[in-house]
Amino acid sequence: RDRELLGFIGGQYAITLDQLAVLIGRSYRTARGLRARWCTAGWPRSARLSVELPPFVWLTSRGTSIAGSRFRTWQPNHGLVPHSEAVTNARLLLEHQLHLGQWRCERSLAKGFASRSEWRAPLPADVLLPPETTAIEVELTRKSRKRLEQIVLDVGIAYDQVWYFAPPRLLPILRELADAAPFSNIVVHRYPPSAAEFSAATRSA
């Protein structure tokens, strides 16, 4: 079980203590105790990486080895953590709560490329694999209209389905671009999502 949980953390770069509690299906206090045991063993490090978010947990090189992870040990990136936290929330909902399919994280997808310069731009945040291949995009910050338009076009062409998750302020522009795309496989959902809202939205789509 430790190995499986550590592997999950490695795939997501880092997860918050709240997310660890959701992942193990136990209380925050239990998650904190698990973190303490792991830290004593030297498997992860834990600290606040954002003033607006709970403490994060990420793997040390020893933890990466224990997990059998094929990913490089992550070094904290304060600019990345809000997006990482949001993607993990989407994963916990879609894969662990709703059981919609197998998740392949960005780090796994990137392993298929010899270098970053070979990545298809943009590489989706993560990909869920139900009967069809679905790109999962989490968009938290406003990009230029031209940039967003290109991203929507690229993922719409490359995947059977695209599920966007974005905060309310970005929903109008993303839905406008999705509606204008030359295909009807892009659905935009509110972030943060709830199981009830997401299920209702997918039934009505």
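In this predicted model, ring pairs tie Y13, W58 and W74 together into a cluster. A search of the whole structure turns up two aromatic pairs. One of them joins Y13 to W74 in a tilted arrangement, with 6.3 Å from centre to centre and 55° between the planes. This pair bridges distant parts of the chain: Y13 sits in the loop between α1 (2-11) and β1 (15-16), W74 sits in the loop between α4 (61-67) and α5 (81-97), and 61 residues separate the two. Y13 and W74 are both buried.

The other pair brings in W58, which meets W74 edge-to-face, at 6.2 Å centre to centre and with 80° between the planes. Here too distant parts of the chain are linked, as W58 belongs to strand β3 (residues 56-59) while W74 lies in the loop between α4 and α5, 16 residues apart. As for exposure, W58 has a relative accessible area of 3%, so it counts as buried. W74 comes in at 9%, and is therefore buried as well, since the cut-off is under 20%.

Next comes the cavity search. Run over the whole structure, it finds one cavity of 30 Å³ or more. The volume of the largest cavity is about 60 Å³. Two members of the ring cluster, Y13 and W74, show up in its lining, along with I9, G10, L59, T64, S69, F71, R72, T73 and R107. Sorted by class, that lining is made up of five nonpolar residues, four polar ones and two charged ones.

What about T60? This residue is found in the loop between β3 and α4. Its relative accessible area is 18%, and because buried means under 20%, T60 falls on the buried side of the cut-off. The T60 side chain has two backbone atoms to note. It reaches the backbone oxygen of G42 at 2.7 Å, and the backbone nitrogen of G63 at 3.1 Å. With neighbours within four places in sequence left aside, the residues in contact with T60 are G42, W43, P44, R45 and T73. G42 thus turns up both as a contact of T60 and as the owner of the backbone oxygen that the T60 side chain reaches. T73, another of the T60 contacts, is also one of the residues lining the largest cavity.

Key. Residues numbered from 1 in each chain as written. Predicted model: local features only at pLDDT ≥ 70, side-chain atom pairs only at ≥ 80, totals over all residues. Heavy atoms only, no water. 1 Å grid on protein atoms, 1.4 Å probe; cavity = no way out; pocket = protein on both sides within 12 Å on 5 of 7 lines; lining within 4 Å. Points joined across faces, edges and corners; volume = space filled by probe spheres on them. Nonpolar A, V, L, I, M, F, W, Y, C, P; charged D, E, K, R; others polar. Phe/Tyr/Trp six-rings, centres within 6.5 Å; stacked < 30°, edge-to-face > 60°. Helix = DSSP H or I, 4+ residues; strand = E, 2+ residues; numbered from the N terminus. Buried < 20%, exposed > 50% of the residue type's maximum accessible area, 1.4 Å probe, protein only. Polar contact = N/O pair within 3.5 Å; in protein donor to acceptor, adjacent residues only side chain to side chain. Contact = heavy atoms within 4.5 Å.
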